[in-house]
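Subject: Structure handover

Hello,

Here is the structure we talked about. Please open it before reading on; my notes follow below.

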Amino acid sequence: MQFFKRNTHKNVVVVAPTGIAAINVGGSTIHSFFRFPPGVVTKDRIKKLSDRKSLFKKLDTLIIDEISMVRADLMDAIDFSLRLNRENDEPFGGVQVIMFGDLYQLPPVVDDEEVKKFLDDVYGGCYYFFGAHVFKRVPLTVLELTKVYRQKDIEFINLLDNIRKENISFEELEILNERAGVLPPEEEPVIVLTARNDQAYEINHSRLAQLPGREYIYEAVVTGKFDEKSFPTDRVLHLKKGAQVMMVKNDPYGRWVNGTLATVEGLSDSAVKVSIGRNIYWVEPVVWEKLEHYYNFKEKKIETEVVGSFLQLPLKLAWAITVHKSQGKTFDKVVIDLGEGAFEYGQVYVALSRCRTLDGIYMKAPIRLHEIKVSPWVREFETRFLKQINPLGIREN
């Protein structure tokens, strides 16, 4: 995606369904770019945006990241807004749309019963982006990127792929469940992946309360337009010496990446000293920028401008996080504690695949076969679009 943005001559805009995802790729949220109201976005709620006329007219390519999290109704809203504002009744107003994501990971969130009823009625129960009506008018070309970067062991890669596709054998499940009940080494930081937010919150704050010593408080500096849902870490961080934390931004000097675990070794009023392995670093606050797109009439191209900023230490408490919030991150060691069990499509796959190796996985309880599940809608999508594979390892319709 970044390579394409740097090298194309086209006017490109990048959007994502959540604020954090948008910040990570240097884009805008779908709702902010299209000025959509909150909730279900139906045609009657979409307006012609006179102040964005040139921006929409000059748009060549729209990139949508984390497409697996985008619902069908939002996809149709994007299509209608582009047709309306570009005064072009072709699908997406004639704009090229490129989407990135893994449908085998966690599905779009639908946590309101009335929204579920609407989606069931309008889309026949398919919440995924590809259920949008616009795709009845425009063909999808599907390319599958096949190189795995996080894991190196081919047997573990195959095991994960079989879990991802719900093709795991009884023998493979036994191999996986040998990790249940194994305790992680006490001397190394290990993160717990939980199914629910309240479980992760309880673990983090109870572990912090158990630590002796002074509690330091670091409050973020927020300027301009930076929505709270987009905050990459807590606005107010509570830390003590000995706290386990996770870095939440790639370090420009390569000392850590987003997802690296560390232990707090010292604190001052403006910085925190952490240990990562055998290395000790002082970590100071960094800035995340909120970007918006605009059309530069003089240069005749779409550009971005900074409309808000968030200044905070690039870390957060991390004895535990939810599986949802672990998506996209990489860990050397994880403890998987799904409580009463996995309840969502792709949840087991996401939890297991965050780890680089099978030996780095520790499970509170064995994984049961019925917890490994793929949405029937995703299976149907694969049947329709991923039928052929070319010599480059790229599948297409």
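Let me start with E344. At 22% relative accessibility, E344 counts as partly exposed, because the partly exposed class runs between 20% and 50%. E344 sits in the loop that links β17 (334-337) to α11 (347-353). Setting aside residues up to four places away in sequence, E344 touches L106, P107 and K373. Q105 is 239 residues from E344 along the chain, yet the two C-alpha atoms are separated by 9.6 Å. Please bear in mind throughout that this is a predicted model.

Overall build

Now the whole chain. The protein chain has 12 helices and 20 strands. Its radius of gyration is 22 Å, and the globule rule gives 21 Å for 397 residues, so the chain is as compact as a globular protein of that length. Along the principal axes, the C-alpha atoms fill a box of roughly 65 × 55 × 45 Å.

How much of the chain is buried? Of the 397 residues, 50% count as buried. The exposed surface of the protein chain comes to about 20600 Å². Carbon and sulfur atoms supply 50% of that area.

Contacts reach across the sequence. Take the contacts between residues at least 6 apart in sequence: 70% of them join residues at least 24 apart.

On charge, the protein chain carries 54 positive and 55 negative charges. The mean positions of the two sets are 6 Å apart.

The nonpolar cores

The largest nonpolar core holds 48 residues. Which of them touch the most other members? They are I64 and M75. Several elements give two or more residues to this core: β1 (12-16), α3 (30-34), α4 (53-58), β3 (61-64), α5 (72-86), α6 (113-123) and α12 (376-385). The most comes from α5, with seven residues.

Another core lies apart from this one. That core has 39 residues, including L173, I191, V323 and I372.

Around M75

M75 is a good place to begin looking. Beyond its neighbours within four places in sequence, M75 is in contact with I64, I67, V70, F92, V97, M99, F129, A132 and F135. Two of those partners, F92 and M99, deserve their own notes.

F92 lies in the loop between α5 and β4. Is F92 buried or exposed? F92 counts as buried, because its relative accessibility is 4% and buried means under 20%. With residues up to four places away left out, F92 touches M75, I78, D79, L82, R83, R86, V97, V134, F135 and V138. H370 is 278 residues from F92 along the chain, and their C-alpha atoms are separated by 39 Å.

M99 belongs to strand β4 (residues 96-99). Its relative accessible area is 22%, so M99 is partly exposed. Apart from residues up to four places away in sequence, M99 touches I64, I67, M75, F129, F135 and L140. I361 is 262 residues from M99 in sequence and 31 Å away in space, C-alpha to C-alpha.

Loop residues to look at

Two residues have an unusual backbone angle for your list.

- R35: this residue is not a glycine, but has a positive phi of about 55°. R35 lies in the loop between α3 and α4. R35 counts as partly exposed, at 39% relative accessibility.
- E87: this residue also has a positive phi of about 55° without being a glycine. E87 is in the loop between α5 and β4. E87 is exposed, with a relative accessible area of 51%.

Then there is G101. Where is G101 found? G101 is in the loop between β4 and α6. G101 is exposed, because its relative accessible area is 55% and exposed means over 50%. I78 is 23 residues from G101 along the chain, and the C-alpha atoms of the two are separated by 17 Å.

Best wishes

How values were computed. Residues are numbered from 1 along each chain as its sequence is written. This is a predicted model: local features need pLDDT of at least 70, side-chain atom pairs count only at pLDDT 80 or more; totals for chains, interfaces and linings use all residues. Side-chain values use heavy atoms; hydrogens and water are left out. Helices (H or I, at least four residues) and strands (E, at least two) are DSSP runs, numbered from the N terminus. The radius of gyration is taken over C-alpha atoms; the globule rule is 2.2 Å times the number of residues to the power 0.38. Buried means under 20% relative accessible area, exposed over 50%, partly exposed in between (1.4 Å probe, protein chains only). Contact means heavy atoms within 4.5 Å. Accessible areas come from the Shrake-Rupley method with a 1.4 Å probe; for residues, only the protein chains shown count as cover. Lys and Arg count as positive and Asp and Glu as negative; His and the chain ends are not counted. The place of a charge is taken as NZ of Lys, CZ of Arg, CG of Asp or CD of Glu. A nonpolar core is a set of buried Ala, Val, Leu, Ile, Met, Phe, Trp, Tyr and Cys residues joined through side-chain atoms within 4.5 Å.
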